[in-house]
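I am opening a notebook page for a structure that is new to me. My plan is to start with single residues and then go on to the whole chain.

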Amino acid sequence: LAGPSSVKLELKEDLCFVSRQAESKKANQKLQTQLTKDQKRTKKQQPGRNPKTERELLGELYADKAYLEKLLQDEDLMESSTKEGIKVADLVWSGISYLDARSEFWQQQKPIYARVRERKLRQQRWIRDKKRKPAEVGRYIVKSMEDIDMLLTGDCPEESCKKAEHVLKTIQGWSEEEVPNKNELIGNLHSCIGNAQLAMGQLEAALQSHRKDLELARQNDLPDAISRALDNMGRVYARTGKFQEAIDTWEEKIPMVKSSLEKTWLFHEIGRCYLELNKAKVAKDYGEKSLQSANEGGDAEWQLHATVLVAQAQGK
């Protein structure tokens, strides 16, 4: 190009249109036709199309149009001419006019909303057709649950919570054919999220997560999951100082307890809550139950905890 101004091209995609124009000298010579003033005026009066819509219509050519429109701002360049005598402004307007005509054509051929809908349908078909093998599902679930537990025990509750939420969203998008125990697994993930939230000090959020676990467990008649949810809800209540709510929750769990060690812990925690409420006699009774279970299980550490609880209740 001849003239006082030069254009710095930084992006590779900016060169697309110009390089195509330079491919053939013969093609350049055919661009002698200039736009009339009326055509330019009409172009300027056209309402601007939404950039997102235009990008959708033009695809890779959108960068060309953006580049040409940027050139229009350089007045010196627009007044210059090529070696063949073609005015740069006319070249630029010709290119923009072509791209506009192309986008109008595609707009008429198929509206944007129709193409968006078709793309979504294709994605849905791909998801539906991509059958997940039971072994793959099983490996994903086991690995994910191990990671969630490892992050929590490794003092990374925030990462554990994020991982559990991601896995929960993934599982919810799968069919019950792919995940036969889907509801049970979803409840377990709510439990994991609740434990992580408790570790982060988000007590109300943790309580809501464990309530979701309990609700799913009751709906699907899952005794072990009911016991787990009651256990966790009691922990949250105790942490927030709602000792009577913790007692009510844990006492509902008592008939579901199976091992001596779990009884030892549960009786001890209930007794501790009664002690906090200054109900020393009941606290002593639960302390003695905890000690008996600890003796049955042969757990020396919990024998000590239970004995201390009994002594504190006697002191009261």
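Does serine 160 count as buried or exposed? I note before anything else that the model is predicted.

Entry, serine 160. I looked up the relative accessibility of serine 160 and found 1%. Buried means under 20%, so serine 160 counts as buried. I then checked where serine 160 sits, and the place is helix α10, which covers residues 157–172. Next I listed the contacts of serine 160, leaving aside neighbours within four places in sequence. They are Ile148, Leu151, Leu152 and Ala196.

Entry, aspartate 231. I found aspartate 231 in helix α13. The relative accessibility of aspartate 231 is 12%, and therefore I put this residue down as buried too. With neighbours within four places in sequence left aside, aspartate 231 is in contact with Trp250, Lys253 and Trp265.

Entry, tryptophan 250. Which residues does tryptophan 250 touch, not counting those up to four places away in sequence? I wrote down Leu230, Asp231, Gly234, Arg235 and Ala238, and after these Trp265, Leu266, Glu269, Ile270 and Cys273.

Entry, cores. I looked for the largest nonpolar core and found one of 30 residues. Trp250 is among the residues with the most contacts inside this core, along with Leu214, Leu266, Ile270, Cys273 and Tyr274. I then asked which helices each supply at least two residues of this core. My list has α12 (203–219), α13 (223–239), α14 (243–253), α15 (260–276), α16 (280–297) and α17 (300–315). I also noted a second, separate core, with 18 residues. Cys161, Val167, Trp174 and Ile186 are included in that second core.

Entry, a record. I checked UniProt, where an unreviewed entry lists residues 227–260 as "repeat: TPR". In the model, 74% of the span 227–260 is helix and 0% is strand. The C-alpha atoms at the two ends of residues 227–260 lie 15 Å apart.

Entry, the whole chain. How many helices and strands does the chain have? I read off 17 helices and zero strands. The chain has 316 residues, and 34% of them count as buried. I looked at contacts between residues at least 6 apart in sequence, and 57% of these join residues at least 24 apart. Last, I noted the accessible surface of the chain, which comes to about 19,900 Å². Carbon and sulfur atoms account for 50% of that surface.

Methods
Residues numbered from 1 in each chain as written. Predicted model: local features only at pLDDT ≥ 70, side-chain atom pairs only at ≥ 80, totals over all residues. Heavy atoms only, no water. Core = buried A, V, L, I, M, F, W, Y, C linked by side-chain atoms within 4.5 Å. Buried < 20%, exposed > 50% of the residue type's maximum accessible area, 1.4 Å probe, protein only. Helix = DSSP H or I, 4+ residues; strand = E, 2+ residues; numbered from the N terminus. Contact = heavy atoms within 4.5 Å. UniProt positions renumbered as here; feature names shortened; annotations may be inferred. Areas by Shrake-Rupley, 256 points an atom, 1.4 Å probe, with all protein chains shown as cover.
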